[in-house]
Every structure is written in C-alpha cells, then in structure tokens.
Protein chains: 2
Amino acid sequence: MSLLVVGSIVLDTIKTPFGKKEEILGGSASYFSLSASLFFSPKIVGVVGSDFPHIFLNIFKERGIDTEGVKVEEGRTFRWHGSYGKNPNIRKTLKTELNVFANFDPLLPISYKDSTFVFLANIQPDLQRKVMNQIKSPKLVAMDTMNHWIKGCPEKVLSLLKDVDLIFLNDEEAYLLTKKRNFLDSCEKIVEMGPKFVVFKKGEHGVSVISKDGKIFSLPAYPLKTVKDPTGAGDSFAGAFMGYLAKEGNIDWERIKKGAVWGTIVASFTVEEFGVEKLLTIKKSDLEERFERFKEIVSI
Amino acid sequence: MSLLVVGSIVLDTIKTPFGKKEEILGGSASYFSLSASLFFSPKIVGVVGSDFPHIFLNIFKERGIDTEGVKVEEGRTFRWHGSYGKNPNIRKTLKTELNVFANFDPLLPISYKDSTFVFLANIQPDLQRKVMNQIKSPKLVAMDTMNHWIKGCPEKVLSLLKDVDLIFLNDEEAYLLTKKRNFLDSCEKIVEMGPKFVVFKKGEHGVSVISKDGKIFSLPAYPLKTVKDPTGAGDSFAGAFMGYLAKEGNIDWERIKKGAVWGTIVASFTVEEFGVEKLLTIKKSDLEERFERFKEIVSI
C-alpha cells in the first residue's frame with residue numbers, strides 16, 4: 001500500500017483567544033500527512049518557497065513522510081493569516097498570500113504514480129484532476145473541496161465527483177452541491193453523483209458517513225474542554241482516516257467506520273494545541289487511551 | 001414505581017412547510033405523558049378549560065395515563081400558535097393565550113403524592129417547587145426550564161437546581177445558567193449547582209448526558225429524512241427517558257444511557273408527523289426496530 005496527498009503547505013499566522021502564533025507550519029498537506037503518519041507514512045505533493053524553514057521539511061522526514069514530491073520554488077511560501085473568536089466554529093481569514101502556490105503544477109515523481117490511496121486536499125479542481133490522472137491504478141481516491149470551488153467552477157467539481165471514491169464535506173458544501181437542506185437527502189444525492197462514500201463533517205457535532213448502498217454511521221465529536229486552535233481539524237481527520245485505511249490495505253464498511261473513529265480521535269488532539277504542535281507530540285498510547293474512552297462515551 | 005408529570009396541556013395551531021394543523025393536542029405534559037406511556041403509564045398534573053375536547057382526555061385514558069390530576073376550569077384552554085420555516089430548528093411563536101393556565105395551581109391528588117419519578121416540565125419555577133414540595137419521597141426528580149425563567153427569575157431556577165436530581169437543557173439555556181460556552185465546562189458547572197445528571201439536548205445534533213461523578217455519554221440524533229413538525233421533540237425525549245427509568249425502577253448509569261437512547265428513538269418518531277399523531281400510532285415493534293437500527297448506526 002502507499003498513500004499520497006496533494007495539497008497546500010503553508011506558513012500560518014493564527015490568533016485565537018488562547019494566543020497568537022506566527023509563521024507556524026500549516027496547510028492541508030501538512031496536517032493531513034502528519035496525522036496520517038501516526039498510522040502509515042504518506043507521500044506529499046506540494047510546493048514551498050525558498051524561504052521555507054528546513055526544520056519543517058525535517059519534521060516531515062523524521063516522521064517517515066516522503067517529501068520527494070515537495071517542490072522548492074524560488075520565492076515566498078504560501079502564507080495565511082486567520083483568527084477565531086470565542087466561537088471556534090467561526091474562522092476569519094485576515095490575509096491570504098498564495099505566493100509560489102499560485103503557479104503550483106503538481107507533477108508526480110515516478111515513485112508516486114503507483115500510489116494506492118490518494119487524498120486530493122482542498123485545492124483547485126484542475127490540479128486535483130491532474131494529480132488523479134497521473135495515478136496508475138488507485139484503490140481509493142478521496143477528495144476534499146470548498147464553497148469557493150463549488151460556486152466558482154461547479155462543473156469541474158461535479159466531474160471530479162464522478163471519478164472519486166469518497167468525498168469529505170461539511171453541511172454548507174453539501175447544501176451548495178445538492179440544494180438539499182436535509183443531511184440524508186443531501187448525502188444520498190451526492191452518492192448518486194459518483195462517490196461510494198460521503199464523509200459529512202459536522203465539526204463540534206461529529207461526523208456521519210453514508211455509503212452508496214445505504215449504510216449510515218454517525219458519531220458525536222470527542223468532548224473537549226479546550227479548543228485552542230481549530231485550524232486543521234478537517235485535514236487531521238482525513239489524514240487519520242486515510243492513514244488507517246492505507247495501513248489496513250482493504251476497504252470495507254467496518255474499516256471505513258473505524259477510520260472515522262480514528263479521524264475523530266486525532267482531530268480532537270490537533271485542536272488542543274496551536275497548529276501541528278499536538279500532532280508532533282502525541283504518543284500511540286495517548287491515541288489508544290482516547291479511543292477506549294471514546295468507545296465508552298458512545299457505546300449503547 | 002409511579003411517574004408524575006406536571007406541565008402544560010395546550011391546543012396548538014402549527015404551521016410548517018408540510019402543512020397546517022389547528023387546535024391539535026399539544027403542551028409539555030401531553031407530549032411527555034404520551035411518550036412515557038410507551039414504557040410506563042404516568043400521572044398528569046395540569047389544567048384545561050371547559051372547552052377542552054373530551055376526545056383528548058380519552059386519548060390519555062386509553063393509554064393508561066392517570067388524569068385525576070387534570071383540573072377542568074371554567075374558561076378557555078391554553079392555546080399556542082407557532083410556525084417553522086425550512087429550518088426546523090427555528091421556531092416562531094405567533095400567539096400565546098395562557099387562558100386558564102394563567103392561574104394554574106398544581107394541587108396533587110392524594111394518590112399522586114407518593115410518586116417515585118417526577119418530571120417538572122417547563123413551567124414557572126414556583127409551580128415546579130410547589131409540586132416538588134407535595135411529593136413525599138421521590139427517587140428521581142427531573143426538571144426542564146427555559147430562557148424565559150433563567151433570565152426572569154434566576155434565583156428560583158438555581159434554588160430548584162439544588163434540589164432536583166436531573167435537568168434537561170439545551171446549549172442556550174446552559175450558557176445562560178453558567179456563562180460557559182464550552183459544553184463540558186458548562187455541564188460541569190451545572191452538576192456543581194446540584195443535580196446528579198445533566199441531559200444536554202442538541203436537537204438535530206443529538207444529546208449528551210453528564211453525571212456528577214464525571215461520566216459522559218454522547219449520542220448523535222437518529223438520522224431522519226423528514227421532520228414534519230419539531231414541536232414536542234424535547235418533551236417526547238424526556239417522556240421516553242423517564243418512562244423507561246420508571247419501568248426499570250432503578251437508576252444507574254447504564255439505565256440513564258439506555259433512557260437517553262429511548263428518548264432519541266421516540267423523539268425521532270414524534271417529529272415525523274404533526275403534534276402527537278405519531279406517538280398515538282407507533283407500535284412496540286417500530287420502536288424496537290429503530291432501536292436496533294440506531295445501534296448499528298452508532299456502534300464502533
């Protein structure tokens with residue numbers, strides 16, 4: 001098995017009621033790969049500028065993440081400034097500087113082309129398509145997207161949906177895609193559009209997974225007292241979900257469900273500290289302990 | 001065991017995107033007792049006007065609900081007009097006519113005073129206190145309340161909280177009581193105020209139960225395609241929860257959890273039709289079938 005992620009690698013400046021951090025490691029590919037690496041080491045496709053700190057590349061390497069697909073381009077790395085108030089569900093983007101990411105052209109190293117599990121993080125749909133086209137025979141292709149693309153180029157998102165196996169989305173995105181307010185209606189319409197699975201993310205309210213053959217799995221979120229920085233929760237979820245599946249090597253309903261549980265657990269750790277900090281310090285035993293605690297919390 | 005509910009009995013006029021129903025049976029005591037009666041027949045304390053349709057009283061009686069405590073006063077019954085738009089979570093009150101309910105004085109029949117399980121539905125805290133004072137030695141007293149009372153007479157709500165065993169509330173009410181935005185923080189503060197259990201209702205996002213000794217149980221909602229009329233979901237939940245506990249006769253964490261599951265199941269049926277309609281037609285086998293389906297949906 002092998003796991004590939006294409007997405008952004010960003011220097012984030014984040015302010016929350018718990019403090020402010022400047023130019024920390026962020027971006028969908030970073031959160032995804034560090035989270036996935038707790039289960040299975042992924043390969044990253046991305047681009048950074050010549051100013052990108054070596055220590056961040058080393059962080060990836062130390063965790064066994066393959067960075068051959070990370071291009072270093074002359075210029076500045078993608079930067080994002082954001083803030084959250086008391087309600088961690090409301091994110092305010094203060095500044096986005098795409099920099100070298102503006103001309104990102106995802107060309108896969110030869111060793112990446114036989115990847116079996118693929119995550120197309122939330123980037124422009126043409127780039128997602130371009131990566132997908134370079135993979136020879138994937139077992140599972142999953143995508144993320146956002147309002148911006150669904151509104152701006154719906155035909156491209158819909159065309160991708162036909163060809164992927166799984167999509168991660170939230171209620172707003174699902175509504176934009178289907179015009180259905182009811183989550184079941186909306187997920188049923190999405191599986192009709194192509195994917196075998198819809199992972200419907202409800203943030204602090206948990207997650208539901210719907211399969212094309214009518215199965216449903218619902219989980220509340222892991223109850224947390226402290227959410228220091230919600231950035232990267234969704235990509236951490238996806239990373240643990242896909243990392244677990246890649247480790248298992250097979251895709252069936254029980255594994256999809258367990259992937260969603262691991263996604264919930266890892267995302268719950270991520271948001272307890274700023275950026276990827278917690279992802280770098282959690283131990284296998286922390287994960288397992290929280291998994292058991294969560295099982296207790298949700299078991300009927 | 002015996003189960004008592006004090007609350008409102010109302011003639012509701014409700015408009016939703018699925019239609020309009022006029023002067024149908026409603027009110028917290030009606031939803032609670034019809035829901036509870038699926039598990040254990042309760043006794044109602046309430047008041048109606050001389051115009052209250054006999055068929056509604058007969059509905060209670062046919063389900064084994066004790067109506068000795070329902071006073072019929074000269075005058076008109078409590079009436080409520082409300083509407084919902086596409087979002088079933090947003091309720092608009094168009095008219096409230098308290099009528100005979102304005103002078104409601106809950107005096108318990110002698111046979112009610114040894115009730116073991118007591119539900120103080122959302123009515124004025126002085127009336128809740130008055131009912132509680134008439135019960136000799138209850139095993140479990142549970143209360144509901146609302147923003148109106150928490151804002152209007154917080155000292156009365158807080159005084160009741162000291163003496164009840166369990167409170168049902170939603171996030172807005174929990175925030176008003178504790179000023180804590182985080183649900184765990186807020187529930188922990190509430191158990192410090194008195195009750196052994198907090199049942200934190202999140203509507204379409206499910207429910208969590210927190211115990212004074214630090215236990216947590218979380219459930220997503222039962223996934224529904226159709227919500228015709230959300231009125232009474234909370235009181236149906238409480239009715240099934242308390243009805244199940246009264247049937248069991250004992251209170252322990254496993255039963256509290258199972259009560260929350262039954263509450264979820266019955267409330268999911270209630271909202272599929274207008275008013276109490278579905279509560280009158282569901283069969284034991286429907287409940288059990290949905291219970292098993294729900295177990296599948298949430299089992300890790």
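**Figure 1. A:Asp229 and A:Thr231 share a polar contact.** In this predicted model, the side chains of A:Asp229 and A:Thr231 come together in a polar contact of 2.6 Å. Where does A:Asp229 sit? Look in the loop of chain A that runs between strand S13 (216-219) and helix H8 (233-248). A:Asp229 is buried, yet no salt bridge goes with it. Which side chain of opposite charge is nearest to A:Asp229? That would be A:Arg91, and it is 7.0 Å away. A salt bridge needs a side-chain nitrogen of Lys or Arg within 4 Å of a carboxyl oxygen of Asp or Glu.

**Figure 2. B:Arg79 pairs up with B:Glu23.** Here's a handy idea to start with: side chains of opposite charge can pair when their charged atoms come close. B:Arg79 and B:Glu23 form a salt bridge, and their closest N and O atoms are 2.8 Å apart. B:Arg79 belongs to strand S6 (residues 79-84) of chain B and B:Glu23 to strand S3 (residues 19-26) of chain B, so this pair ties together parts that are 56 residues apart in sequence. Is B:Arg79 buried or exposed? With a relative accessible area of 6%, B:Arg79 is buried. B:Glu23, on the other hand, is partly exposed at 35%. Counting over all chains, there are 40 salt bridges.

**Figure 3. A closer look at the backbone of B:Glu23.** Let's stay with B:Glu23 in strand S3 of chain B. What is phi for B:Glu23? Phi is near 50°, which is a positive value in a residue other than glycine. B:Glu23 counts as partly exposed because its relative accessibility is 35%, and buried would mean under 20%.

**Figure 4. B:Arg76 meets B:Glu97.** This is another salt bridge between side chains, with a distance of 3.1 Å from N to O. The two partners, 21 residues apart, link distant parts of the chain: B:Arg76 is in the loop between strand S5 (66-73) and S6 of chain B, while B:Glu97 is in strand S7 (residues 91-97) of chain B. How accessible is B:Arg76? Its relative accessibility is 41%, so B:Arg76 counts as partly exposed. B:Glu97 is partly exposed too, with a relative accessible area of 22%.

**Figure 5. B:Asn99 in its loop.** Now find B:Asn99 in the loop between S7 and strand S8 (117-120) of chain B. As with B:Glu23, here's a residue other than glycine with a positive phi; for B:Asn99 the value is near 50°. B:Asn99 is partly exposed, with a relative accessible area of 27%. How far apart in space are B:Asn99 and B:Thr77? Their C-alpha atoms are 5.9 Å apart, although the two residues are 22 residues apart in sequence.

**Figure 6. A salt bridge between B:Glu272 and B:Lys278.** The side chains of these two meet at 3.1 Å, N to O. B:Glu272 has a relative accessible area of 15%, so B:Glu272 is buried.

**Figure 7. A:Glu23, A:Asp51 and A:Arg79 form a network.** Over in chain A, salt bridges that share partners join these three residues into one network. A:Arg79 lies in strand S6 (residues 79-84) of chain A. What does the side chain of A:Arg79 touch? One of its polar contacts is with the side chain of A:Asp51, at 2.8 Å. The side chain of A:Arg79 also reaches the backbone oxygen of A:Thr77, at 3.0 Å. With a relative accessible area of 6%, A:Arg79 is buried.

**Figure 8. A:Arg76 and A:Asn99 come together in space.** How far apart along the chain are A:Arg76 and A:Asn99? They're 23 residues apart, but their C-alpha atoms are separated by 5.6 Å. A:Arg76 is found in the loop between strand S5 (66-73) and S6 of chain A. A:Arg76 is partly exposed, with a relative accessible area of 41%.

**Figure 9. Lysines make a positive patch on the surface of chain A.** Which residues form this patch? They are A:Lys247, A:Lys258, A:Lys284 and A:Lys295. To place one of them, follow helix H11 (residues 284-298) of chain A to A:Lys295. The relative accessible area of A:Lys295 is 35%, so A:Lys295 is partly exposed. Patch residues need over 30% relative accessible area.

Terms used:
Residues are numbered from 1 along each chain as its sequence is written. Chains are lettered from A and ligands numbered from 1 in the order in which they are written. This is a predicted model: local features need pLDDT of at least 70, side-chain atom pairs count only at pLDDT 80 or more; totals for chains, interfaces and linings use all residues. Side-chain values use heavy atoms; hydrogens and water are left out. Patches are made of residues with over 30% relative accessible area and no salt bridge: like charges are joined within 9 Å, nonpolar side chains (Val, Leu, Ile, Met, Phe, Trp, Tyr) within 5 Å. Accessible areas come from the Shrake-Rupley method with a 1.4 Å probe; for residues, only the protein chains shown count as cover. Lys and Arg count as positive and Asp and Glu as negative; His and the chain ends are not counted. The place of a charge is taken as NZ of Lys, CZ of Arg, CG of Asp or CD of Glu. Helices (H or I, at least four residues) and strands (E, at least two) are DSSP runs, numbered from the N terminus. Buried means under 20% relative accessible area, exposed over 50%, partly exposed in between (1.4 Å probe, protein chains only). A polar contact is a pair of N or O atoms within 3.5 Å; within protein, one must be able to donate a hydrogen and the other to accept it, and residues adjacent in sequence count only if both atoms are side-chain atoms.
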